[in-house]
Each structure stands twice: as structure tokens, then as C-alpha cells.
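User: I would like to go through this model with some short questions. Please reason each answer out and finish on what was asked.

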Amino acid sequence: MSRAVYSWPAPVYKPGEYLLKLPNVRESPYQTREEGGSVICTLCHRRCRLPPGKIGACGMRFNLGGRLYTAAYGLLTAAESRPMEIKPLYHFYPGTSAVTISTWGCNFPCAWCQNWHLSKTASPAGAYVPPERVVEWALENGDSGVNVSFNEPTLLAEYAEEVFRLARARGLHASINTNGYLTEEAVRRLAEAGMEGMNIDIKGGRETYRRWLAADFDKFLSTARHAKALGVHIEFTYLVIPGVNDHETDEVIEAVASFGRETPLHITAYYPAHKLFNPPTPPELLDELWHKARRELDYVYVGNLPGHPGQHTYCPRCGYPVIKRAGGRAVKIEVVNGKCPKCSGEILLRGRPGRYGRLYRSFI
């Protein structure tokens, strides 16, 4: 088994009064203030306790004068139109796209991060974008929704709430791609603002969360269960990393199946990135896991392996391919009023299929 490596964001600033002049610095509602000036951040399950002048593990929240501030409000590092299938959200408004945004920082120290250039830097500097502009981009571009992804969307929670409210008012769907370590309070607030969907990375089993992430697997599951109880559509993605979490496949499948066999699971190939250079996931392992997981789950997919039959959606009753995909898009959707056209079996789907906007257009 590989040696665990932590890779936390590296703040490039120090808390000070000068930050309060920036439009992206806002006091956060996710805080509990203590005597003596310390604050506890309640945004994620780490619940960082910060004395005055200290920065949280995510790199983007700090204590200034006994109050918790976020430096990430509207501070965008990327904004691009992307299909829902590439997130991946296969059962959430298929055939549509969303303006996808990100900021700096992350609350997980994943050594294998694919977006390390965003998640491992923590800075108050960058492009400030008012929330209404994100919604305008989506409408102008022909997108059907908005999404927070790339780095960890928990860092943009306050901003996402406002974007989602505005998006809902204009008939757009809203979703996030997350490591799932945000608190139940944060999930509730996002859902109340209009969040309909979540793709949640399940990093492995209990050992991986403890050893590689300094995190609690049960708290992660608690957040996902709370999201489902609120009516949020959830899909899980399991990046299978040789020497890290490939020995926990049964535990992962069991955990996802506990949400109901209709819960989609994306089993994805790992490729070396950032600080982890283990060999890529063998295709035969992904194929084996695809067959194994389909005994417990109705919708199992294989990602990062072009041409694999696991990129399509099959009717759980008769096996007919009701949605076919290629190149990160849905190329054929045959679901009729939520049913298979061959046997009329129920097909899990949140939202109606639609049309893509101008894909991969960058806005900043």
C-alpha cells in the first residue's frame, strides 16, 4: 500500500483589515463565535476552530477581529459551459449544459487532485463576478443550468446560495460536484436556495478517509443522506486508485447501495496527477467492478475509459440502452415520460432532457 501524502492548500495571504476592502471578502454565516475571539467554522465537518488571525484548513476562510470571513465570495478562477454528462450527472437533466464555476482552495488534502492548480492555492486575488452575471452567462449561452465544480464547491457556499436563487427564478437548474464533506446545515441552505443535484466523490472506505484525508467516513455519509432526505438528486463517483482505495471496493459499493439500488455510481479510472504517481487503474479492474456493482445497483457507469459499454444507461428491467453517450455527451435519449420505450420500465431521471448551449465556452 502506498504511503499517505497530505496536500493542503497553501495560503498566499495574511488576514488583515486590508482584505475587507475587497468585494469577494464577506462575513460568513457559518460560524460560532467564542469568548476570547476564537470562531468555529460550521461550513464543513472539519469545524476548524480559529483564533484571531488564523486561516482554516481550506485556505479561504479566516478569523479577523473575532469574526469568520470568506475570501471566496464571487472570486472565480474558472467559468465555462459544460455538459451535465461530463460532471458526471447522467440522470440529471440529460442532454443539457451548465455554466460551471470555481474558486481557489479545498477542505480535502487529496494527493491525486486533478484540479490541483485551483484547489491547492488559496488567494484572495482574482476576478470578482457578481452572482447575477453567472445567471446572465447561462441564459446568453443557451445553457439550462449553473454548476459549481472544478475545485471544492463548499468554498463558494454563500455565493452559490445567491446564484442558485437567481437561477431558479429564471428557470435554470442548479447543482454541485463535491467531496461531500459540507455540513448538513450547508446542504440545507443550498437546497433551500435551489440546488437540485449533487455529484458526490466517494473517495474510498473508512480507511482511506482516515489515512489519506484526515476525515470521517460516517460524517461524509451523513451529509449525503441528509441531501437525499431533502429531495436532492445524488450520484456518486468513485475514483479507483491502485494502492490507495482499490482494496475497499466492496465497502464503497455497499455504502452506495445503502441509498437505494437506483442510486447511480460512476466508477472512474485514475491517472497519475499532482503528488501521486501510482500506476493508472487497470481497465480489467474497472470492468470487473462494473459487473460486480451492477448486482447491487441499477445504474453503474465506467468513466475515463472511452468505448466501454458502461458509459450508457440501460433499462433495469429489460436491459435496453435508453441513453447512449459518447465524448462526454448524450448522443441518443430514448426515455419517454420517464419510462423505457421497450418495456415501459421506470427510468430514474431528474428533470427533462434538453439542448446543449455553446459547450466549453469560457467566460473569464
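User: Which residues does threonine 96 touch, not counting residues up to four places away in sequence?

Analyst: This is a predicted model. Threonine 96 has its place in the loop between strand 9 (78-83) and strand 10 (97-102). Leaving out residues up to four places away in sequence, the residues touched by threonine 96 are Pro83, Met84, Glu85, Ser144, His173, Arg352, Pro353, Gly354, Arg355 and Tyr356.

User: Is threonine 96 buried or exposed?

Analyst: A residue counts as buried under 20% relative accessible area. Threonine 96 has a relative accessible area of 1%, so the residue is buried.

User: How far is the backbone oxygen of tyrosine 93 from a polar atom of the side chain of threonine 96?

Analyst: A polar contact needs a pair of N or O atoms within 3.5 Å. Between the side chain of threonine 96, at one of its polar atoms, and the backbone oxygen of tyrosine 93, the distance is 2.7 Å.

User: Which strands stand at the edges of the open sheet in the order 19-20-21?

Analyst: The sheet is open and has three strands, with antiparallel pairing. Two of its strands each have a single partner strand, so one side of each is left without a neighbour in the sheet; these are strand 19 (313-314) and strand 21 (329-333).

User: In strand 21, what is the bridge partner of lysine 324?

Analyst: Strand 20 covers residues 321-326 and runs antiparallel to strand 21, with four bridges joining them. For lysine 324, the bridge partner in strand 21 is lysine 332.

User: Which residue in strand 5 stands opposite isoleucine 40?

Analyst: Strands 3, 4 and 5 form an open sheet in the order 3-4-5, and the pairing is antiparallel. Strand 5 (49-50) stands at an edge, as does strand 3 (31-33). Two bridges join strand 4 (residues 39-41) to strand 5. Opposite isoleucine 40 stands arginine 49.

User: Which residues of the lining lie nearest the centre of the largest pocket?

Analyst: The space in the largest pocket is about 1,200 Å³. Its lining has 49 residues, and those nearest the centre are Ile86, Lys87, Pro88, Thr237 and Thr268.

User: How many residues of the lining of the largest pocket are charged?

Analyst: Elements that give two or more residues to this lining include strand 14 (173-178), strand 16 (233-240) and strand 20. The lining divides into 21 nonpolar residues, 20 polar ones and a charged group of eight.

Definitions and conventions: Residues numbered from 1 in each chain as written. Predicted model: local features only at pLDDT ≥ 70, side-chain atom pairs only at ≥ 80, totals over all residues. Heavy atoms only, no water. Pairing = 2+ DSSP bridges. 1 Å grid on protein atoms, 1.4 Å probe; cavity = no way out; pocket = protein on both sides within 12 Å on 5 of 7 lines; lining within 4 Å. Points joined across faces, edges and corners; volume = space filled by probe spheres on them. Nonpolar A, V, L, I, M, F, W, Y, C, P; charged D, E, K, R; others polar. Buried < 20%, exposed > 50% of the residue type's maximum accessible area, 1.4 Å probe, protein only. Polar contact = N/O pair within 3.5 Å; in protein donor to acceptor, adjacent residues only side chain to side chain. Contact = heavy atoms within 4.5 Å.
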